[in-house]
Amino acid sequence: MAIKINLDLVLVRRQMKSNELARLVGITEQNLSILKRGKAKAIRISTLEAICRHLECQPGDILEYTDSE
């Protein structure tokens, strides 16, 4: 995968649990788990915006491009 999801790291830094973030963002814990594991095929911009708002971070703190070659 060329896009790495660093959501776990940001959650630890902000001392927030996944279930709390899911509740604040308005998505299920299962969908947040899929996103955290890098199994999501897509993410809505509005969801990314809500995650960043509640974690007080930038999208680049959560998403990281890595060259898979």
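**View 1. The buried side of helix 2.** Leu21, Ala22 and Val25 are the buried residues of helix 2, where buried means under 20% relative accessible area, exposed over 50% and partly exposed in between (1.4 Å probe, protein chains only). They span an arc of only 100° around the axis, so they sit on the same side of helix 2; the arc is that of the directions from the helix axis to the C-beta atoms. An α-helix has 3.6 residues a turn, so residues three or four places apart point the same way. Helix 1, helix 3 and helix 4 are among the elements that cover these residues of helix 2. Just past the end of helix 2 comes Gly26, with a positive phi of about 90°. Helices (H or I, at least four residues) and strands (E, at least two) are DSSP runs, numbered from the N terminus.

A word on the model before moving on: this is a predicted one, where local features need pLDDT of at least 70 and side-chain atom pairs count only at pLDDT 80 or more, while totals for chains, interfaces and linings use all residues. Residues are numbered from 1 along each chain as its sequence is written, and side-chain values use heavy atoms, with hydrogens and water left out.

**View 2. Helix 1 and its two faces.** Here the buried residues are Leu7, Val10 and Leu11, within a helix that runs over residues 7–14. Looking down the axis of helix 1, you find its buried residues within an arc of 100°, so they line one face of the helix. Turned away from that buried side are the exposed residues Val12 and Arg13. The buried residues of helix 1 pack against strand 1 (3–5), helix 2 (18–25), helix 3 (29–36), helix 4 and helix 5 (59–62). After helix 1 comes Gln15, whose phi is positive, near 55°.

**View 3. Leu9, a partly exposed residue of helix 1.** Leu9 belongs to helix 1 and is partly exposed, with a relative accessible area of 47%. Pick out Lys36 as well: Leu9 and Lys36 are 27 residues apart in sequence, and their C-alpha atoms are 9.9 Å apart in space.

**View 4. Asn6, in the loop ahead of helix 1.** Asn6 is in the loop between strand 1 and helix 1. Loop or not, Asn6 is buried, at a relative accessible area of 9%. Leaving out residues up to four places away in sequence, Asn6 touches Asp61, Ile62 and Glu64; contact means heavy atoms within 4.5 Å.

**View 5. The buried residues of helix 4.** This helix has Thr47, Leu48, Ala50, Ile51, Cys52 and Leu55 as its buried residues. Their cover includes helix 1, helix 2, helix 3, helix 5 and strand 2 (63–65). Glu56, just after helix 4, takes a positive phi of about 50°.

**View 6. Thr47 up close.** Thr47 lies in helix 4 (residues 45–55) and is buried, with a relative accessible area of 15%. Setting aside neighbours within four places in sequence, Thr47 is in contact with Val25 and Ile27. Val25 is the link back to the opening view, as one of the buried residues of helix 2. As for Ile27, Thr47 and Ile27 are 20 residues apart in sequence and 8.3 Å apart in space, C-alpha to C-alpha.

**View 7. Zooming out to the whole chain.** The protein has five helices and two strands, running β-α-α-α-α-α-β from the N terminus on. Its radius of gyration is 11 Å, close to the 11 Å that the globule rule gives for 69 residues, so the protein is as compact as a globular protein of that length. That radius is taken over C-alpha atoms, and the globule rule is 2.2 Å times the number of residues to the power 0.38. Along the principal axes, the C-alpha atoms fill a box of roughly 35 × 20 × 20 Å. Of the 69 residues, 29% count as buried. Among contacts with a separation of 6 or more, 64% come from residues 24 or more positions apart.
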